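These are my notebook entries on a structure I looked up today. I set out to record how its chains meet and what its interior holds.

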There are 2 protein chains.
Amino acid sequence: MGTISKALELLNYFTKARPLIGLSDLARLAELNKATCFRLLTELADNGFVEQIGTSREYRLGPSVLRLAALREAQVPTREAAMPVLQVLAQQTGETAHLSLLIADILRPLAHAYSAAHATKVMLEDTEALPFHATSSGLAVLAFQPEAFRNRILAQPLPRLTTSTETVPAALRACINEVRALGYAESRGGYESDVHSMAVPLFDALGRCSGALAVAALGSRMGEAQRRKIRHALLQAGTEITTLWGGTLPADIATLWRLAA
Amino acid sequence: MGTISKALELLNYFTKARPLIGLSDLARLAELNKATCFRLLTELADNGFVEQIGTSREYRLGPSVLRLAALREAQVPTREAAMPVLQVLAQQTGETAHLSLLIADILRPLAHAYSAAHATKVMLEDTEALPFHATSSGLAVLAFQPEAFRNRILAQPLPRLTTSTETVPAALRACINEVRALGYAESRGGYESDVHSMAVPLFDALGRCSGALAVAALGSRMGEAQRRKIRHALLQAGTEITTLWGGTLPADIATLWRLAA
DNA sequence: GCTTTCGGTTTGTTATTTGAACCGATGGTT
DNA sequence: AACCATCGGTTCAAATAACAAACCGAAAGC
């Protein structure tokens with residue numbers, strides 16, 4: 001791995017749950033030599049990608065990312081365009097809606113919207129990456145990636161997160177085929193035991209699946225009527241976001257979604 | 001300069017006016033060998049900081065920056081917090097308000113708001129960096145930096161952008177002293193000949209000046225009454241944003257602003 | 001006051017980065 | 001159709017920057 005990747009990877013250790021990291025900590029997390037980590041950090045800091053917080057000497061993400069993100073959104077309004085649709089989706093279904101993006105082989109939540117309908121809801125403030133094998137979003141994305149990508153993911157260790165987590169590659173491939181046949185994915189407690197979720201893939205302008213849109217509900221609220229409602233809202237919102245992104249649904253998905261709607 | 005800085009600097013060449021850049025172009029812009037540039041770009045692409053646009057093979061900013069920016073805003077709500085204040089400022093003054101951040105020794109516009117009051121307004125869609133010596137924002141920031149920083153900037157070439165641009169370091173130092181004495185900066189056509197602007201410095205939680213807030217007006221509309229109005233609105237908005245940032249105004253500035261308000 | 005850990009620095013060794021030349025493909029010009 | 005320039009991308013010896021371990025002084029815990 002090159003130096004640049006190492007430096008950029010450092011940025012990934014900053015999370016909502018852990019916004020400040022000290023040099024030694026970060027070196028340990030990234031499994032780097034302290035001197036190396038220091039050099040990487042100072043160079044990142046020189047460019048405004050991290051900054052040091054006065055007294056404690058810890059590091060946090062810097063202001064450079066703001067400018068770049070504003071630029072990216074201006075050119076490809078990803079988050080901004082999806083946000084209102086996400087909110088409507090949460091409100092329509094009464095559950096938590098969230099959108100994830102496939103970035104460098106990792107599926108990362110980018111935005112979410114909560115519903116006020118229930119006192120209990122699925123929270124995902126601190127989720128940093130969604131496991132492909134254990135979430136509906138993961139399966140939805142996996143189903144529409146090149147075979148090589150799927151193989152790479154399924155060859156990795158697939159941790160059993162709950163008693164319901166499917167961890168057998170062959171079984172997961174069967175799930176994935178089903179996702180392709182249905183046009184959406186479903187997970188019943190595969191990630192957290194009492195969370196039931198449904199997801200649809202999202203496509204970019206080149207027809208590649210670049211993310212997923214999901215609704216995560218408490219398992220106890222997930223009756224057949226609710227599933228139908230969620231599926232319907234999800235397919236509609238998925239179409240909408242893909243359109244807003246200037247994306248194109250693969251013909252078969254477009255057909256499936258139209259029939260189900 | 002290290003490899004990381006070279007790579008991160010590549011990201012700076014993407015602008016609103018130039019969102020897509022080809023390999024050879026970028027290599028020329030950054031004055032890098034094409035092979036080097038290619039390696040940097042692929043590593044950036046591996047991490048989602050740039051991506052290649054299908055057919056044309058040009059590069060653009062990638063989705064990674066979105067995630068990082070969302071994280072940064074969650075911890076330090078810079079842009080989001082300032083935006084509404086900026087809009088009010090534009091509306092109150094009837095002119096263009098903009099906010100810039102000091103990032104790695106460069107003053108970069110981060111957000112702006114236009115007023116609907118006049119058919120003619122100052123646009124700054126494509127501005128990527130504000131020269132310190134020729135803009136009110138630049139002078140406002142410069143006035144509250146460590147002496148070493150000022151020296152560094154004033155030792156660089158100071159291009160004459162208009163006939164009104166002040167380019168003599170000694171004269172600029174006098175201007176800067178005046179800015180410190182007044183608590184705000186002013187530029188009359190130093191950047192663009194028919195644009196007159198006023199700016200105040202913004203401070204972070206450690207009392208360091210980390211940016212500037214400015215109102216840019218057409219010179220023809222800048223009478224004494226308008227100047228007073230802008231100054232008043234600017235000082236108020238500057239106080240507000242600094243507060244929202246959890247920042248602290250230096251005691252002397254706080255006094256100056258209170259007296260002028 | 002002892003020990004650990006912190007952020008940061010120094011050093012010689014090592015491995016990565018670099019840049020000129022080179023590809024095949026593409027697209028305009030004559 | 002022959003030509004030429006330029007594109008994105010690749011190769012490989014030479015140069016340079018990254019690396020790990022040991023070391024600092026300062027602060028914190030005990």
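**Entry 1. Buried area.** I began with the area buried between chain A and chain B, which comes to about 4,300 Å², with carbon and sulfur atoms giving 69% of it. In chain A, I found that A:I4, A:R67 and A:R72 lose the most area to chain B, together 18% of what that side buries. I note here that the model is a predicted one.

**Entry 2. Contacts.** I then looked up the residues in contact: 51 residues of chain A meet 51 residues of chain B. For polar contacts across this interface, I recorded 16 residue pairs, both residues being at pLDDT 80 or more. Which elements give two or more residues to the side of chain A that touches chain B? I listed α1 (3-11), α3 (34-46), β1 (50-52), β2, α4 (64-75), β3 (96-103) and β4 (106-113) of chain A. The largest share of that side, 12 residues, comes from α4(A). By class, I divided the residues of the side of chain A that touches chain B into 27 nonpolar, 13 polar and 11 charged.

**Entry 3. Salt bridges.** Over all chains I obtained a count of 26 salt bridges. Across the interface of chain A and chain B, the rule finds four. I looked up one between A:E128 and B:R67, where the closest N and O atoms are 2.9 Å apart. I also looked up the salt bridge of A:E51 with B:R72, whose closest N and O atoms are 2.7 Å apart. Why does this pair join two chains? I located A:E51 in strand β1 of chain A and B:R72 in helix α4 of chain B, so the pair joins two chains.

**Entry 4. Cavity.** I next turned to the interior. How many cavities of 30 Å³ or more does a search of the whole structure find? I recorded one. The volume of the largest cavity is about 70 Å³. From chain A, I listed A:F14, A:T15, A:K16, A:P19, A:R60 and A:L61 in its lining, and from chain B, B:L71, B:R72, B:Q75 and B:V76. I noted that β2 (59-61) of chain A and α4 (64-75) of chain B each supply at least two residues of this lining. The largest share, three residues, comes from α4(B). By class, I recorded five nonpolar, two polar and three charged residues in the lining of the largest cavity.

**Entry 5. Cross-reference.** I marked B:R72 for its place in two entries: B:R72 forms a salt bridge with A:E51, and B:R72 also lines the largest cavity.

Methods. Residues are numbered from 1 along each chain as its sequence is written. Chains are lettered from A and ligands numbered from 1 in the order in which they are written. This is a predicted model: local features need pLDDT of at least 70, side-chain atom pairs count only at pLDDT 80 or more; totals for chains, interfaces and linings use all residues. Side-chain values use heavy atoms; hydrogens and water are left out. On a 1 Å grid over the protein atoms alone, a cavity is a set of points where a 1.4 Å probe fits but cannot get out, and a pocket is an open set with protein on both sides within 12 Å along at least five of seven lines; lining residues have an atom within 4 Å of a point. Grid points are joined across faces, edges and corners, and a volume is the space filled by probe spheres set on the points. Helices (H or I, at least four residues) and strands (E, at least two) are DSSP runs, numbered from the N terminus. Ala, Val, Leu, Ile, Met, Phe, Trp, Tyr, Cys and Pro count as nonpolar, Asp, Glu, Lys and Arg as charged, and the others, Gly among them, as polar. Contact means heavy atoms within 4.5 Å. Buried area is the accessible area (1.4 Å probe) that two parts lose on being put together, summed over both. A salt bridge is a side-chain nitrogen of Lys or Arg within 4 Å of a carboxyl oxygen of Asp or Glu. A polar contact is a pair of N or O atoms within 3.5 Å; within protein, one must be able to donate a hydrogen and the other to accept it, and residues adjacent in sequence count only if both atoms are side-chain atoms.
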